[in-house]
Structures are given as C-alpha cells and as structure tokens.
Amino acid sequence: FYEERQSQQESKSNRVRIVCGVLIGDFFHNFCDGLFLGVAFKGCGDRLGWAVFLSTVLHEIPQEIADYVILTGPEALLHPAIALGLNFLSGISVLIGAII
C-alpha cells in the first residue's frame with residue numbers, strides 16, 4: 001500500500017512539474033514575442049511591425065499546438081478544456097510584453 005501511494009505522489013509531482021514547465025515556458029516565450037512586436041511597431045514602423053506580427057503568428061501556431069498536445073497527453077493528463085484555458089492565459093502575456 002505504501003509503495004502504491006508513493007508511486008501516486010510521484011506521478012502527481014511529475015504531472016505538476018510538466019504542466020508548470022510548459023505554462024511558465026510559454027508565458028515567458030509569449031512575453032518576449034510581445035516585446036518584439038511592440039519594438040517592431042514602435043521603433044521600425046508599421047510595415048516591419050506587420051511582418052514581425054505575421055512571422056510571430058506563424059511560429060506560434062505549431063508551438064501552441066505542441067503545448068496543447070503535451071498538456072493533454074499521457075504525462076500531464078489535463079482535460080482538453082482546462083488545457084485550452086491555461087494555454088490561453090499564458091498566451092495573454094504577449095499583451096503584457098507589447099504594452100511594456
């Protein structure tokens with residue numbers, strides 16, 4: 001019984017570590033994207049700003065899909081709606097980066 005309980009605690013600890021790693025990494029990644037977007041629009045003009053915006057969106061699509069797959073996969077086991085919500089919240093950091 002003790003070994004089973006310890007295994008469950010290790011499994012939960014592993015899940016928390018994976019979820020936190022993905023979300024914290026995504027938060028800072030999106031924050032930096034926001035900084036780059038803000039600088040591109042403010043310092044380089046609209047044309048370069050839109051080019052940076054397009055490239056950011058195109059590289060975010062596969063990255064966010066990968067985050068979702070990891071969060072709903074067998075290691076993290078999040079419900080799809082929770083994974084989408086948490087992924088959305090970490091994505092909001094792009095706005096913080098752009099405002100700064």
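Here is a quick walk through the aromatic pairs, a surface patch, the helices and a few single residues of this predicted model.

Some ground rules first. Residues are numbered from 1 along each chain as its sequence is written, and side-chain values use heavy atoms, with hydrogens and water left out. As this is a predicted model, local features need pLDDT of at least 70 and side-chain atom pairs count only at pLDDT 80 or more, while totals for chains, interfaces and linings use all residues.

**Aromatic rings**

A pair of aromatic rings is described by the distance of the centres and the angle of the planes. Here, rings of Phe, Tyr and Trp (its six-membered ring) pair if their centres lie within 6.5 Å; planes under 30 degrees apart are called stacked, over 60 edge-to-face, and the rest tilted. The structure has 3 aromatic pairs, among them the two in this table.

| Pair | Ring centres | Plane angle | Type |
|---|---|---|---|
| Phe 27 and Phe 28 | 5.4 Å | 90° | edge-to-face |
| Trp 50 and Phe 53 | 5.4 Å | 80° | edge-to-face |

Phe 41, Trp 50 and Phe 53 form one aromatic cluster. Trp 50 and Phe 53 sit 3 residues apart in helix α2 (residues 46-72), which separates them by about one helical turn. Helices here are DSSP runs (H or I, at least four residues), numbered from the N terminus.

How open are these rings? The cut-offs are under 20% relative accessible area for buried, over 50% for exposed and partly exposed in between, with a 1.4 Å probe and protein chains only. Trp 50 is exposed at 52%, Phe 53 is partly exposed at 36%, and Phe 27 is partly exposed at 31%.

**A nonpolar patch**

Trp 50 and Phe 53 turn up again in a nonpolar surface patch with Leu 54, Val 57, Leu 58, Ile 61, Ile 65 and Val 69, and together they have about 780 Å² of accessible area. Patch members need over 30% relative accessible area and no salt bridge, and nonpolar side chains (Val, Leu, Ile, Met, Phe, Trp, Tyr) are joined within 5 Å. A salt bridge means a side-chain nitrogen of Lys or Arg within 4 Å of a carboxyl oxygen of Asp or Glu. One patch member, Ile 61, lies in helix α2 and is partly exposed, with a relative accessible area of 46%.

**Helix α3**

What span should the 12 residues of helix α3 (residues 80-91) have? At 1.5 Å a residue they should span 16 Å, and the end C-alpha atoms are 16 Å apart, so the two agree. The expected span is 1.5 Å times one less than the number of residues.

In α3, Ala 83, Asn 87 and Ser 90 are buried. They cover an arc of only 60° around the axis, so they are on the same side of α3. On the other side of α3, Leu 84, Phe 88 and Leu 89 are exposed.

**Single residues**

Ser 90 also has a partner far along the chain: Gly 25 is 65 residues away in sequence, yet their C-alpha atoms are 9.0 Å apart. Gly 25 is in helix α1 (residues 2-44) and is partly exposed at 38% relative accessibility.

Leu 37 is in helix α1 too, where it counts as buried at 12% relative accessibility. Leu 37 and Arg 17 are 20 residues apart in sequence and 30 Å apart in space, C-alpha to C-alpha.

Lastly, Leu 77 is in the loop between α2 and α3. Leu 77 has a positive phi of about 55° although it is not a glycine, and it is exposed, with a relative accessible area of 52%.

Notes:
Helix = DSSP H or I, 4+ residues; strand = E, 2+ residues; numbered from the N terminus. Arc of directions from axis to C-beta. Patch = residues over 30% accessible without salt bridge, like charges linked within 9 Å, V, L, I, M, F, W, Y side chains within 5 Å. Areas by Shrake-Rupley, 256 points an atom, 1.4 Å probe, with all protein chains shown as cover.
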